[in-house]
Amino acid sequence: MDIIKLFDKPLSPEKSIQLNNKYWPFLKFTNLNLIQDCELEILSGSRKGGACYRNLMKLFPNEELFRKMLKRLGKILSFQSNFGCAVLDYRVNIAPLNLKNHEGDEKYFWQFISKNILFKEISCEVIKRYRLEYGWDITRLHKSVRYVRGEDGYQSCMTNFGRTSDFHNDEYKGITCIVYLSDVKKDNGAFTYIQGSEKIIRSPLLTAIHQTVSFDMKLSHWDQMGSLPLEFRATHNIGNFLEPDKAKALLAKEVVLEDVAGTVFMFNGQKLIHRGGKPLKGSRLAAFLTPEGLFIHKLRSFLATKRY
Ligand SMILES: [Fe+2]
């Protein structure tokens, strides 16, 4: 099944991964024409807004949230990439890692990885990929190590909304590189993704609206969304809202990156639908490298959000 063909009309409920009414089957989408008109106006480069914007604004609880949504839209349109996921050829030797005596000591683990002879090469690869996708910039690499255990209670968020629970897209642009520092299987937080999902056509306007629902309105559960138009009732956690047939189609392309400690991979969290790092049992230790453009991208971001 070709998920790119299956979901090729982001503003038609049957062909969209962004429009779902699993929780409200008695309701109909009534604002799709308005959203489509606004999106066409935005994508055509028109900045007039006009009646279309005014009508869209009325669907938001207040004008401030509408403005926040437009800022997000500016960023989304400025930073697009169709990169998905790639496992690198590097394999970090973790034999000297003293896992037992340093359980939970993220500082120790970070020192371990940064001393590794491959670290510089991996960092260069990640920055290279970032620049390939988003253009050249002076780039800083954010580094962290995360240690998570099944006891921390991830069971509910991994299962509450069916088999696609917690599958999501990240908030902004970005390439993330992960180095597994422990062996990782499905049950202890393996990175899992939907192969090809980075190429599924999305509505940038719906993406911005759903990010606003998540991060500005801070709504996460469907039963908090009764006062919003049906088109707005979703978050960046796309898997929590998918209708069963759509979930089934995506899960047919599910890849669980079970691998040994030392495995290095990178992915595009903005477009690749993914989840991971929440063990149901056992624990997962992994290092994260995330590049950030410091100058040109900040300027682009500023201009993009100012524009709307
Ligand atoms: Fe993520």
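# A walk through the predicted fold

Let's start with one helix. H4 covers residues 63-78, and at 1.5 Å a residue its 16 residues should span 22 Å; the end C-alpha atoms sit 23 Å apart, which agrees. Much of the interest in H4 lies in what it hides: Met69, Leu70, Arg72, Leu73, Gly74, Lys75 and Ile76 are buried. Which elements help cover them? The cover includes H2, helix H8 (204-216) and helix H10 (296-307).

Before going further, keep in mind that this is a predicted model. The average pLDDT for the protein chain is 91, and 97% of the residues score at least 70. Among the elements, helix H5 (residues 106-115) has the lowest mean pLDDT, at 81, while E4 has the highest, at 98. As a rule of reading, where pLDDT is low, the predicted coordinates shouldn't be read in detail.

Now step back to the whole chain. Its secondary structure comes to 10 helices and eight strands. The radius of gyration is 20 Å, close to the 19 Å that the globule rule gives for 308 residues, so the chain is as compact as a globular protein of that length. Along its principal axes, the C-alpha trace spans about 65 × 40 × 35 Å. Of the 308 residues, 33% count as buried. Looking at contacts with a separation of 6 or more, 85% of them come from residues 24 or more positions apart.

What about the inside? The largest nonpolar core has 56 residues, and those with the most contacts inside it are Val179, Leu181 and Leu205. Leu205 is a handy one to click on: leaving out residues up to four places away in sequence, it touches Ile35, Cys38, Glu39, Ile42 and Leu73. Leu73 takes us back to the opening helix, as it is one of the buried residues of H4.

On to the strands. Strand E8 (residues 283-293) is a good place to begin, and strand E2 (residues 139-149) runs antiparallel to it, joined by 11 bridges. To find your place in that pairing, look for His142, which stands opposite Thr290 in E8. E8 also pairs with strand E3 (residues 175-180), again in the antiparallel sense, over four bridges. Here the landmark is Ile178, whose bridge partner in E8 is Phe288. If you follow side chains along a regular strand, expect them to alternate between the two faces of the sheet.

There is also an open sheet of three strands, in the order E5-E4-E7, with antiparallel pairing. Which strands form its edges? Strand E5 (254-257) and strand E7 (274-275) do, each pairing on one side only. Two bridges join strand E4 (residues 191-194) to E7, and in one of the pairings Thr192 has Arg275 as its bridge partner. E4 is also the element with the highest mean pLDDT.

The loops deserve a look too, and backbone angles are one way in. Most residues other than glycine have a negative phi. Asp166 isn't a glycine, yet it has a positive phi of about 75°. You'll find Asp166 in the loop between helix H7 (155-159) and E3. Lys218 is another non-glycine with a positive phi, of about 60°, and it lies in the loop between H8 and helix H9 (244-251). Are these two residues buried or exposed? Asp166 has 21 other C-beta atoms within 10 Å, so it is buried. Lys218 has 9 other C-beta atoms within 10 Å, so it is exposed.

Stay in the loop between H8 and H9 for a moment, as Thr235 is there too. Thr235 counts as buried because it has 23 C-beta neighbours inside 10 Å, and the cut-off is 20 or more. Which residues does Thr235 touch, not counting those up to four places away in sequence? They are His210, Val213, Ser214, Leu219 and Ser220. Thr235 and Glu14 are 221 residues apart in sequence, and their C-alpha atoms are 18 Å apart in space.

Finally, look at Lys15, in the loop between helix H1 (3-6) and helix H2 (32-43). With 15 other C-beta atoms within 10 Å, Lys15 is partly exposed. Leaving aside neighbours within four places in sequence, Lys15 is in contact with Phe7, Asp8 and Lys9. Lys15 and Val255 are 240 residues apart in sequence, and 22 Å apart in space from C-alpha to C-alpha.

Key. Residues numbered from 1 in each chain as written. Predicted model: local features only at pLDDT ≥ 70, side-chain atom pairs only at ≥ 80, totals over all residues. Buried ≥ 20, exposed ≤ 12 C-beta atoms within 10 Å, placed from the backbone. Contact = placed C-beta atoms within 7 Å. Pairing = 2+ DSSP bridges. Rg over C-alpha atoms; globule rule 2.2 N^0.38 Å. Expected span 1.5 Å × (residues − 1). Core = buried A, V, L, I, M, F, W, Y, C linked by C-beta atoms within 7 Å. pLDDT = per-residue confidence, 0-100.
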